[in-house]
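The following note sets out several points for a colleague reading this entry. Please consult the sequence and the coordinates alongside the text.

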Amino acid sequence: MNNNQIQLCAELIDQADGLLITAGAGMGVDSGLPDFRGNDGFWQAYPALRQAGIDFSSIASPETFDLDPRLAWGFYGHRLKLYRETQSHAGFAMLRDFARFMEHGVCVFTSNVDGQFQKAGFSEIEVSECHGSIHYLQCLDGCTNEIWPADGFDPVVDEAACRLLSALPLCPQCGAVARPAILMFGDWQWNARRYEAQKARLDEWLAAVRRLVIIEIGAGTAIPSVRHFGEFQDAFLIRINPTDARLPEGKRGISLPMDGLQGLSQIQAALASMA
């Protein structure tokens, strides 16, 4: 990687009429959010689950809500509070700035459920969350096809035990326990209505853009939804990833093997030098 690659990124962004941001878990690392790649990182954040031998895929499942909802909400309640309190890093504002003069502006495709793009000022109609959002709830029993905001739920969690101490959130229709409206492991009950509406808006936007540039930040390979979505677009792909920035053979793009904020900062500097 050299300065010529960064300069080419800046030139392509300057010529684009639409910017698609594709973001995985690595996008939140610069905001201080943990990235659960492997059990060691997960268990470091949740030692009670290490002691119980519960890994990420086990706690993040509808089955745990059925068997022990206070344990499940101990994990997700802690995540909800953390995401509400986290301040989005400067890279989010840089991305908005990159697209401010583009005819079609910016859209986001992300697997993150943390709502950080909206918190950083991206509008609801600009964001597609392919795994849902922790800031919305649905009925665990599936009595209704509706989802609703989690704004009224203020979880109190015993972090040492990873258990919810406050009242469980309940479905307003039937009174059953509510769960996050996110796609979990082994999940056949996720209510995807909100995402389907988001994806329809994104597809309409993509059809209108003629000179699309994609910036992908921190998208992993274990669940490659975000990587594949960007790779399948007929557009130049800027892949920023400190551990796996490789591009598939034949894909037009540039690999930047670095953290998201570092890569975005260098692109921002190159764009400023062109002004």
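**Notes on the predicted model**

1. The model is predicted, and the first point concerns residue Q138. Its side chain reaches the backbone oxygen of Q189 at 2.8 Å. The side chain of Q138 also reaches the backbone nitrogen of N191, at 3.0 Å. Both partners, Q189 and N191, appear among the residues that Q138 touches.

2. Q138 is placed in strand β4, which comprises residues 132-139. Because its relative accessibility is 4%, against a limit of 20% for buried residues, Q138 counts as buried. Leaving aside residues up to four places away in sequence, Q138 touches E146, I147, W148, A178, R179, P180, A181, Q189, W190 and N191.

3. The backbone at C162 merits inspection. Phi of C162 is near 55 degrees, a positive value in a residue other than glycine. C162 is found in the loop between β6 (157-158) and β7 (163-164). With a relative accessibility of 1%, C162 counts as buried.

4. An open sheet of six strands follows the order β3-β2-β1-β9-β10-β11, and its pairing is parallel. Its edge strands, β3 (127-129) and β11 (253-256), each pair on one side only. On average, neighbouring strands of this sheet are turned by 15 degrees against each other, direction ignored.

5. At one end of that order, β10 (residues 236-240) and β11 run parallel and are joined by four bridges. Here I238 stands opposite I254 in β11. Helix α9 (residues 193-208) packs on the sheet, where it touches β1 (18-23), β2 (106-110), β3 and β9 (212-217). The direction of α9 makes about 135 degrees with that of β3.

6. How many of the 17 residues of α6 are buried? Twelve are, so helix α6 is largely enclosed by the rest of the structure. The buried residues include the aromatic positions W73, F75, Y76 and Y83. Also among them are P69, L71, A72, G74, G77, H78, R79 and L80.

7. The length of α6 (residues 69-85) can be checked against its residue count. At 1.5 Å a residue, its 17 residues should span 24 Å. The end C-alpha atoms of α6 are 23 Å apart, which agrees with that expectation.

Technical notes
Residues numbered from 1 in each chain as written. Predicted model: local features only at pLDDT ≥ 70, side-chain atom pairs only at ≥ 80, totals over all residues. Heavy atoms only, no water. Helix = DSSP H or I, 4+ residues; strand = E, 2+ residues; numbered from the N terminus. Expected span 1.5 Å × (residues − 1). Buried < 20%, exposed > 50% of the residue type's maximum accessible area, 1.4 Å probe, protein only. Polar contact = N/O pair within 3.5 Å; in protein donor to acceptor, adjacent residues only side chain to side chain. Contact = heavy atoms within 4.5 Å. Pairing = 2+ DSSP bridges. Axes fitted to C-alpha atoms, helices over the stretch in contact; angles between N-to-C directions.
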